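Colleague: Hi! I'm new to this one, could you walk me through it?
Modeller: Happy to, let's put it on screen.

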Amino acid sequence: MWAITRGGFKHQLLNSPKTLRRPVVATSNLIRAPSPAYSTGSPNSVPTKRVGTHSGSFHCDEALGCFIIRLTNKFYNSDIVRTRDTKVLEGLDAVLDVGGVYDPSDDRYDHHQKGFEEVFGHGFNTKLSSAGLVYKHFGKEIIAKELQLGEDHPDVHRLFLAIYKNFMEAIDAVDNGINQFDTDKPPRFVNNTDLSSRVGRLNLGWTDPDQSLEKENEAFQRAMTLAGSEFLDSVRFHAKSWLPARSIVMECIAERYDTDCSGEIMVLKKFAPWKLHIFELEQEMKVEPPIKYVLYKDDRGKRWRVQAVAVSPDRFDSRKPLPAQWRGLTDDKLSKEAGISGCIFVHMSGFTGGNHTYEGALAMARTALKI
């Protein structure tokens with residue numbers, strides 16, 4: 001699938017109209033990457049461009065940055081040149097994560113130089129890595145293609161921000177050594193399953209007998225594939241699931257007073273992943289008081305669930321758990337204790353419960369609000 005070009009490149013380069021300003025690159029530095037798993041409609045007749053990044057050990061940011069930039073019209077299906085030779089880098093069409101220059105007008109996207117403090121903006125303050133820089137300048141183009149909309153469409157802008165928040169920002173933060181939590185206490189557990197950690201493990205091990213540049217490039221190719229596939233998965237998830245769910249949740253929030261005069265109970269008329277949106281939409285729609293319970297139909301059992309809203313997206317604690325005296329009870333015992341027919345269960349933590357009917361679930365939520 002992947003191949004390092006061997007021979008022929010020097011001859012092709014010397015006959016290129018750009019030869020005078022482009023230095024010859026050793027074939028062992030060049031990765032002739034396959035076409036991205038993304039249709040851009042770019043004409044095949046456009047001469048192949050070359051994107052540079054550093055050789056040696058690699059990280060998630062340049063692997064992902066190289067993948068993303070190759071999805072664009074300008075750099076579609078470009079060759080990747082891995083080198084630290086400044087003369088070689090000067091002759092390339094774009095350079096990522098090396099060279100000490102950030103200049104989007106010349107397609108230079110390094111973040112290691114003194115004085116670099118570029119951030120994504122739009123309320124985000126994490127310093128960017130090379131991947132974040134590429135996404136900042138080309139992300140809307142890629143998202144617009146996925147949605148088949150113009151780059152100025154509000155849905156494109158909405159996904160542009162959401163994908164940065166939910167996918168890209170963590171890569172920027174990890175690469176720049178930014179702690180996730182403002183605390184001096186050690187974490188309660190170690191998590192090495194994040195994308196940056198998995199990409200890092202693709203580097204050649206110190207015990208590998210073959211430490212050649214060819215083997216290093218092969219490892220970088222695998223890193224690009226891994227990081228890029230997860231990026232595209234995120235783009236497509238947000239386009240096909242996140243965005244439609246947001247519209248559903250927004251409509252349900254707007255109609256919450258039709259359910260209960262308190263405004264603290266929301267009914268999800270059509271199931272959607274509401275937890276991804278309720279906190280942001282509450283802020284945007286200036287919801288006050290905040291929603292305490294969400295009712296939705298459990299299609300697997302044709303029953304109704306009542307779920308307490310968490311205090312924040314990253315917490316398990318509920319704003320108002322279901323009453324302590326209901327927790328752990330089921331069926332008739334729960335119905336008798338609650339004084340509501342049709343009860344099925346309430347979780348021991350009080351974050352969720354169930355009833356056979358919508359009316360029963362609504363009664364559980366209304367009663368819980370008063371207790």
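Modeller: One term before we start: a residue counts as buried when its relative accessible area is under 20%. Also keep in mind that this is a predicted model.

Colleague: Got it. Which residues of α2 are buried?
Modeller: The buried ones are Cys60, Asp61, Glu62, Ala63, Leu64, Gly65, Cys66, Phe67, Ile68 and Ile69. That is 10 of the 10 residues of α2, so the helix is mostly covered.

Colleague: And how much of the chain counts as buried?
Modeller: The figure is 47% of the 371 residues.

Colleague: What secondary structure does the chain have?
Modeller: It comes to 11 helices and 14 strands.

Colleague: Back to α2, then. How do α2 and α5 cross?
Modeller: Two numbers help here, as packed helices are described by the angle between their axes and the distance between the axes. For α2 (residues 60-69) and α5 (residues 154-175), the axes come within 9 Å and cross at roughly 140 degrees. That angle makes α2 oblique to α5.

Colleague: Which residues meet there?
Modeller: On the α2 side they are Cys60, Asp61, Leu64 and Ile68, and on the α5 side Phe167, Met168, Ile171 and Asp175. By class, this contact has 6 nonpolar residues, 2 charged ones and no polar ones.

Colleague: Let me change topic. I clicked on Ala223; where is it found?
Modeller: Ala223 sits in helix α7, which spans residues 213-254.

Colleague: Is Ala223 buried or exposed?
Modeller: Ala223 is buried, because its relative accessibility is 0%.

Colleague: What is Ala223 in contact with?
Modeller: Setting aside neighbours within four places in sequence, Ala223 contacts Phe58, Ala63, Val199 and Leu202. Ala63 is also one of the buried residues of α2. In addition, the C-alpha atoms of Ala223 and His59 are 8.4 Å apart, although their positions lie 164 residues apart along the chain.

Colleague: What share of the contacts in the chain is between residues 24 or more positions apart?
Modeller: Counting contacts with a separation of 6 or more, such pairs account for 65%.

Colleague: Last topic, pockets. What volume does the second largest pocket have?
Modeller: Its volume is about 350 Å³. The pocket is lined by 16 residues, and the closest to its centre are Lys275, Gln307, Ala310, Arg315 and Phe316.

Colleague: How many residues of each class are in that lining?
Modeller: The lining of the second largest pocket has 9 nonpolar, 4 polar and 3 charged residues.

Colleague: Great, thanks for the tour!

How values were computed:
Residues are numbered from 1 along each chain as its sequence is written. This is a predicted model: local features need pLDDT of at least 70, side-chain atom pairs count only at pLDDT 80 or more; totals for chains, interfaces and linings use all residues. Side-chain values use heavy atoms; hydrogens and water are left out. Axes are lines fitted to C-alpha atoms, for helices over the stretch in contact, and angles run from 0 to 180 degrees between N-to-C directions. Helices (H or I, at least four residues) and strands (E, at least two) are DSSP runs, numbered from the N terminus. Angles under 35 degrees count as roughly parallel, over 145 as roughly antiparallel, 65 to 115 as roughly perpendicular and the rest as oblique. Contact means heavy atoms within 4.5 Å. Ala, Val, Leu, Ile, Met, Phe, Trp, Tyr, Cys and Pro count as nonpolar, Asp, Glu, Lys and Arg as charged, and the others, Gly among them, as polar. Buried means under 20% relative accessible area, exposed over 50%, partly exposed in between (1.4 Å probe, protein chains only). On a 1 Å grid over the protein atoms alone, a cavity is a set of points where a 1.4 Å probe fits but cannot get out, and a pocket is an open set with protein on both sides within 12 Å along at least five of seven lines; lining residues have an atom within 4 Å of a point. Grid points are joined across faces, edges and corners, and a volume is the space filled by probe spheres set on the points.
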